[in-house]
Amino acid sequence: MARSKGVRLEHISKVYVDPQTEKKFYAVRDVSLDIAPGSFVTLLGPSGCGKTTTLRMIAGFESPDEGEIYLGEEPINELTPNKRDTAMVFQSYALFPHYNVFDNVAYGLKLRKRPKQEIKERVAAILDLVEMAGMEERMTNQLSGGQQQRVALARALVVEPGVLLFDEPLSNLDAKLRVSMRTEIRRIQQKLTITAVYVTHDQSEAMSISDQIIIMNGGEIAQMGSPMNIYYQPSSEFVADFIGEVNFLGGICQSVEEGVCSVLVNGRTVAVDTRTPRKAGEACTIVLRPEAIQIAEQGQLPCKVELSCFMGSYQNYHVRVGDTLVKITDNCPVNKKIFAVGDAVCISFAKECAHLL
């Protein structure tokens with residue numbers, strides 16, 4: 001494979017005009033990021049957040065109105081998509097229905113006028129990699145959705161791009177196939193150590209395959225970091241709420257000693273690790289993941305059970321702490337006491353498992 005390249009965006013903006021109001025608006029505003037060669041980076045966010053526009057600017061299908069895009073050390077704003085060292089895997093697969101698998105995959109190499117024998121060898125190698133060997137003669141309309149996606153991936157990989165771009169490539173597949181295909185994409189990316197930039201609105205997809213996640217909101221970057229960093233140390237309520245299930249408990253900071261904040265919640269004091277300076281008396285929000293909470297007869301915060309539901313691998317509880325509804329995932333409930341609706345109980349959590357906003 002060709003050597004992977006990094007991608008650098010420097011203060012990129014894209015402005016569109018609303019056709020109804022004729023007002024200008026920023027689809028992407030002042031985005032700067034540095035993607036390391038060989039890493040898998042996912043742009044994640046709600047619909048209309050600017051993630052697809054950012055990807056299309058890297059690919060060359062859109063031009064930034066401000067800022068510069070670099071592939072490796074080369075500025076690429078002026079280059080057309082076919083002149084960029086990138087390849088795109090689309091949501092719709094974009095395969096040629098009148099071509100068989102071999103001709104679909106070989107298309108980019110034929111455009112580059114590679115020798116016939118080289119094309120044959122490279123197509124065979126890449127079909128083997130995506131586990132489609134032996135299907136060269138099949139027409140694409142005879143393939144399942146998952147197989148079509150593998151052909152689309154092979155076609156992008158065979159030209160040995162410096163950067164592989166994915167635009168929601170699994171959204172047309174059913175849930176089970178999506179999970180196996182995302183694992184497959186990650187396996188191939190790691191094997192080839194190719195730089196990948198991936199767009200999705202599916203948090204679990206982003207968490208499972210990424211080295212780094214970039215969460216976008218309103219055309220701007222809300223937070224960048226590893227999946228674990230974003231999950232456990234969100235920088236805002238938006239990020240916390242967008243990644244996985246979350247609870248927010250309002251409280252008042254009472255004191256901070258050696259990185260541990262004492263927080264008054266509903267008349268009780270709980271300890272939470274904090275990385276930022278806090279002042280006594282200021283309002284704060286505790287971010288708590290459902291699996292970080294223990295439920296028992298005794299504990300830190302008294303509450304009442306409003307929902308108790310057996311889910312197989314966990315017991316799902318909703319409890320009320322003061323006026324706040326708190327969701328709890330109590331894993332492996334087989335030999336634990338199961339609490340019923342109406343029970344007065346308590347919740348507890350380790351200070352390291354909570355995060356303070």
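**Exercise 1. In this predicted model, find which residue of strand 8 stands opposite Leu 43, and place that pair within its sheet.**

Step 1. Looking across from Leu 43, one finds Val 199 of strand 8 standing opposite.

Step 2. The two strands concerned are strand 3, covering residues 40-44, and strand 8, covering residues 195-200, and they pair in the parallel sense over five bridges. In general, the strands of a sheet pair through backbone hydrogen bonds, either parallel or antiparallel.

Step 3. Strands 3 and 8 belong to an open sheet of six strands, whose order is 6-7-8-3-9-10 and whose pairing is mixed. At the edges lie strand 6 (86-89) and strand 10 (220-225), each of which pairs on one side only. From one strand to the next, the twist averages 20°.

Step 4. Helix 5, made of residues 175-192, packs on this sheet, where it touches strand 3, strand 7 (163-167) and strand 8, and its direction makes about 140° with that of strand 3.

**Exercise 2. Decide how helix 4 and helix 5 are arranged relative to each other, and state which residues bring them together.**

Step 1. Two packed helices are described by the angle between their axes and the distance between the axes. For helix 4 (residues 145-157) and helix 5, the axes come within 11 Å and cross at roughly 20°.

Step 2. Angles under 35 degrees count as roughly parallel, and helix 4 is therefore roughly parallel to helix 5. Their crossing is right-handed.

Step 3. On the side of helix 4 the meeting residues are Gly 146, Gln 149, Arg 150, Leu 153 and Leu 157, while helix 5 supplies Leu 177, Met 181, Glu 184, Ile 185, Ile 188 and Leu 192. Sorted by class, this contact of helix 4 with helix 5 holds seven nonpolar, two polar and two charged residues.

**Exercise 3. Apply the reasoning of the previous exercise to helix 2 and helix 4.**

Step 1. Helix 2 consists of residues 101-111, and its axis and that of helix 4 come within 7 Å, crossing at roughly 30°.

Step 2. Helix 2 and helix 4 are therefore roughly parallel to each other, and the crossing of these two helices is right-handed.

Step 3. The contact is made by Val 101, Asn 104 and Val 105 from helix 2, together with Val 151, Ala 154 and Arg 155 from helix 4. These residues divide into four nonpolar, one polar and one charged.

**Exercise 4. Describe the surroundings of Gln 147, beginning with the backbone atom that its side chain reaches.**

Step 1. Gln 147 has its place in helix 4.

Step 2. The side chain of Gln 147 reaches the backbone nitrogen of Ser 144, at 2.9 Å.

Step 3. When neighbours within four places in sequence are left aside, Gln 147 is in contact with Met 132 and Met 135.

**Exercise 5. Work out how strand 16 pairs with strand 17 and with strand 19, and examine the hairpin that strand 16 forms with strand 17.**

Step 1. Strand 16 (residues 301-310) is joined to strand 19 (residues 344-348) by four bridges, and these two strands run antiparallel. Leu 301 has Ile 347 of strand 19 as its bridge partner.

Step 2. Strand 16 also pairs in the antiparallel sense with strand 17 (residues 314-321), here over six bridges, and in strand 17 it is His 318 that stands opposite Leu 307.

Step 3. The hairpin of strand 16 and strand 17 has three residues between the strands, and in this hairpin Gly 312 takes a positive phi near 90°.

Notes. Residues are numbered from 1 along each chain as its sequence is written. This is a predicted model: local features need pLDDT of at least 70, side-chain atom pairs count only at pLDDT 80 or more; totals for chains, interfaces and linings use all residues. Side-chain values use heavy atoms; hydrogens and water are left out. Two strands pair if DSSP finds at least two bridges between them. Axes are lines fitted to C-alpha atoms, for helices over the stretch in contact, and angles run from 0 to 180 degrees between N-to-C directions. Contact means heavy atoms within 4.5 Å. Angles under 35 degrees count as roughly parallel, over 145 as roughly antiparallel, 65 to 115 as roughly perpendicular and the rest as oblique. A crossing is left-handed if the near helix is turned anticlockwise from the far one by less than a right angle, and right-handed if clockwise. Ala, Val, Leu, Ile, Met, Phe, Trp, Tyr, Cys and Pro count as nonpolar, Asp, Glu, Lys and Arg as charged, and the others, Gly among them, as polar. A polar contact is a pair of N or O atoms within 3.5 Å; within protein, one must be able to donate a hydrogen and the other to accept it, and residues adjacent in sequence count only if both atoms are side-chain atoms.
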